[in-house]
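Reader: I am new to this structure and would like a close look at a single part of it. Could you take me through that part slowly, and then through its surroundings?

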Amino acid sequence: MIYFENDEITIRDLEQLDAAIITQEEIAQGWNTTIEKYENRLKDRSEGKCISLAAEYKGNVAGYLNIYPNSTWGAFANKGYAELIDLGVLEKYRRRGIGSKLMDAAEEIAFKYADTVYLAVGLHSGYGSAQRMYVKRGYIPDGSGVWYGSKVCTPHADYCNDDDLNLYFSKNRDVKI
């Protein structure tokens, strides 16, 4: 299914071939990733747990994002809220509006299921542009504090500043930016 399309960007359902392309491209960027991450999302989609999106830029796979309409983990687990997971745009396609178009499509889908959408964003500098984008789109911190993996961090404890160190943000359908 196609969710958005213009002369340069197409947002559509993620396909199996996309998983291999994205994995190869992320490894070439120096990221520590495996195809299993994307295969798990495709499995969740086939089980009706999520909607997995792919972005194309001028016909090339450029990014991805997943929507879990009733997420079972994180700050809003099992509350009937939709969670956006794993927004990614390959480095060579960044700063072309792809992330924003993925978010537009994902929010439109998510708000069909819930009045509130949430997401987790990493805290290290690699997530800086995502952090700014979410705030500009009207997302606010949920107030539960910093999470590591699946748990809220204990005050004054030591944690690794890796991809598992996150802050949860939410946005209500009525927020207009």
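Author: Y127 lies in the loop between β6 and α4 (128-136), where helices (H or I, at least four residues) and strands (E, at least two) are DSSP runs numbered from the N terminus. This is a predicted model, in which local features need pLDDT of at least 70 and side-chain atom pairs count only at pLDDT 80 or more, while totals for chains, interfaces and linings use all residues. Residues are numbered from 1 along each chain as its sequence is written, and side-chain values use heavy atoms, with hydrogens and water left out.

With a relative accessible area of 23%, Y127 is partly exposed, because that class lies between buried, under 20%, and exposed, over 50% (1.4 Å probe, protein chains only). Leaving aside neighbours within four places in sequence, Y127 is in contact (heavy atoms within 4.5 Å) with V121, G122 and D163. The side chain of Y127 also makes a polar contact with the side chain of D163, at 3.1 Å; such a contact is a pair of N or O atoms within 3.5 Å, and within protein one must be able to donate a hydrogen and the other to accept it, with residues adjacent in sequence counting only if both atoms are side-chain atoms. S46, by contrast, is 81 residues from Y127 in sequence and 29 Å away in space, C-alpha to C-alpha.

The strand before this loop, β6, belongs to an open sheet of nine strands with mixed pairing, in the order β1-β2-β3-β4-β5-β6-β9-β7-β8; two strands pair if DSSP finds at least two bridges between them. The edge strands, each pairing on one side only, are β1 (2-5) and β8 (151-152). Strands β5 (residues 82-89) and β6 (residues 116-122) run parallel and are joined by three bridges, and V117 in β6 is the bridge partner of A82.

Helix α3 (residues 98-110) packs on this sheet, touching β1, β2, β3, β4, β5, β6 and β9 (165-172), and its direction makes about 165° with that of β5; axes are lines fitted to C-alpha atoms, for helices over the stretch in contact, and angles run from 0 to 180 degrees between N-to-C directions. The end C-alpha atoms of α3 are 18 Å apart, which agrees with the 18 Å that its 13 residues should span at 1.5 Å a residue, the expected span being 1.5 Å times one less than the number of residues. Among the buried residues of α3 are L102, M103 and I109.
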